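Let us learn to read a few features of a protein model, taking each one slowly and pointing to where it can be found.

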Amino acid sequence: MAKSKKQLEARSTGTIPKTLTGISGLDEITLGGLPSGRPTLVCGEAGSGKTLFSIEFIVKGALDYGEPGVFMAFEEKAEELKANVASLGFDLEQLEKDKKIRLDYVHIDRSEIEETGEYDLEGLFIRLGYAIDSIGAKRVALDTIENLFAGLNNTAVLRAEIRRLFQFLKSKGVTAVITGERGGNGLTRQGLEEYVSDCVILLDHRIINQISTRRLRVVKYRGSVHGTNEYPFLIDDEGISVLPVTSLELNHEVSSKSLSSGIPALDKMLGNSGFFKGSSILVSGTAGTGKTSIAATFANAACLRGEKCLFFAFEESPKQIIRNMRSIGIDLQKHLKEGTLEFYASRPTLYGLEMHLVAIHKAIKKSRPSVVVLDPITNLITIGSVSDVKTMLVRLIDFLQAEQITVMFTALTLNNIVNEQTDEGVSSLVDAWLLIRDIESNGERNRGLYIMKSRGMKHSNQIREFVITDKGLDLVDVYLTEDGVLTGSAREARMLMEQTGEVIHAQAVSRKDRELERKRKILESKIESLRSEYESAEEELNKVYVEEALKKQIMGETISKIADLRRGDDGGEEKNVHKNK
Amino acid sequence: MGKAYELRLYVAGKTNKSVVALENLKKLCEEHLKGLYSIEVIDLLEKPQLAEGDQIFAIPTLVKKVPEPVRKIIGDLSNEEKVLVGLDIRAKIKN
């Protein structure tokens, strides 16, 4: 226990030693918890969560910080209390047996009490002191001490005694939580805040537009800095969670890794890579333009990569989404089974904006996804003004970016002013904005997808036609013609026409080719005949030459013989001549 | 009447109020319940564990256990009328 105490002291900031409450979010707001060894007043209206606050303080102290605690109830009987908090998983019975906590129910029934003359509340002090000493308690909760005023008449005595009680608690060195009912002009009906000067926490339960929102505010905290805003808090099956949402510093890590959108053609438009990891993407469009399909495709792509995806559905039930997405060839059921996909469906009107934020926070903290889809954020408008929604989304985006979670919002745009505003309000926050617009022509509606913005990447400035097929989503280049942009069947018709044209053209070309071939063949045969003609002519010519040569040769021989005969140099020759004579 | 009164007076040490209360109680019982009562004085400084059982928070407190219903009278019992009403010895006149 000494060790845990040291830890507590080490974690607290400033000069005052603080005690961690264990209530999620509260210790962040108070920068370390409630003042140690001093009483803290928790005030609020009926049903604002005071009792739960105090019991959680005691139980968490006993379970998580090794500090036994005394819970003195003035309102609920111990059995009732045990039953009430059993739903939160607090087993008071067992804790009591383990001497970790002690419950004491102070029953004050006016009908059985008569007051005569002077008295004091020493009995209560003794009881409390005995309870504290019996388990060595470090924490005390009194819920709600104001019930004394309902049971007793002598308020002068009560006031003096309550003042003494706080002194008594301080002298015991216990960290105490005292709850007080809100009312009158002050924070509490009986002005308890006058006695508790160290720390006052106000719980509020407001109904705005028929939707309740719980808020918590640290009214005062002597000797310590603390968050001063109203923080929304949620009571659910795990007790209280407060959302500290003021740390809106713009210093989160950024990533240059990118995630595929699940539509290859869209990735191509986004500088060939997709969205940045940890960025926020807005998909807006009019009704029925396929926003949810884009979101589901994105989620599907994430799941196929083996990343965890959390899908917040504010409009359709998970089963509906799964069925609908199956029609475009996306099997979300599989991912659901494998645990990569988680749905979180709730009606926007279920609770207030702040509550949604708290709930979203909680769900994200719990399942730690890498991709989050909110479909659609437009429905949140029904429960808050535009500025409220924007504030909420700023907080959400900030939180998600700090956690490096990629988020995709879908938003419905109508042609009315309110929603145009929302678009604008959100669009300045998001990193990428896809707009799907209906293009109406030739008696049909087609979808055109634009990338309105995409921070930090070279994205396409073109309009693409967005088509939903059995096999998923795709983007098609729109046809730009002299007549304007063609989409849908007009595009198909145009494409068909051009295809026909191409075939005809090809036919024509091949006909020309064949003709040319034929011509070539004719010419070739002509060349062949000419060549043979030429050869015969050449042969003729050769014959003449040969004859000529033969003639020449024979003539040459004859001449030389004659010359020999004329000379008559030898007998042989003379004889020859003679003979010739 | 004729019923026995079991009375318990819770005090915390010998304070002025406790002493006054006990004196007042004894006097009153002698006057109105002679022979029909028993008084037990419990000092919570000695037995703090008894405070819870009888739901004691104020000191001094007189608890009438028997006869039923259980009644508590807190204070120094200086107003005899109120004590008698509180102990159901005398019916409430008004209120």
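The dialogue below turns to a nonpolar core and then to two hairpins.

Q: Before I look at any detail, what kind of model is this?

A: This is a predicted model, and we should keep that in mind throughout.

Q: Which residues have the most contacts inside the largest nonpolar core?

A: The general idea is that, in soluble globular proteins, nonpolar side chains tend to be buried together. Here the largest nonpolar core has 161 residues, and those with the most contacts inside it are A141(A), A299(A) and V373(A). Helix α10 of chain A, which covers residues 291-304, gives the most to this core, with eight residues, and the core draws at least three residues from each of domain 1 (2-242) and domain 2 (258-477) of chain A.

Q: What does A299(A) touch, if residues up to four places away in sequence are not counted?

A: Leaving those neighbours aside, A299(A) touches C309(A), F311(A), L341(A), V371(A) and V373(A).

Q: How many bridges join strand β22 of chain A to strand β23 of chain A?

A: Strand β22 (residues 464-469) and strand β23 (residues 472-477) of chain A run antiparallel and are joined by six bridges. A hairpin of two residues links β22(A) to β23(A), and T469(A) stands opposite G472(A) in β23(A).

Q: Where can I practise with another hairpin, and how many residues lie between its strands?

A: Look at β11(A) and β12(A), which form a hairpin with two residues between them. Strand β11 (residues 230-236) and strand β12 (residues 239-242) of chain A run antiparallel, with four bridges joining them, and F233(A) is found opposite V242(A) in β12(A).

Terms used:
Residues numbered from 1 in each chain as written. Chains lettered and ligands numbered in written order. Predicted model: local features only at pLDDT ≥ 70, side-chain atom pairs only at ≥ 80, totals over all residues. Pairing = 2+ DSSP bridges. Core = buried A, V, L, I, M, F, W, Y, C linked by C-beta atoms within 7 Å. Buried ≥ 20, exposed ≤ 12 C-beta atoms within 10 Å, placed from the backbone. Domains from an automatic or database assignment. Contact = placed C-beta atoms within 7 Å.
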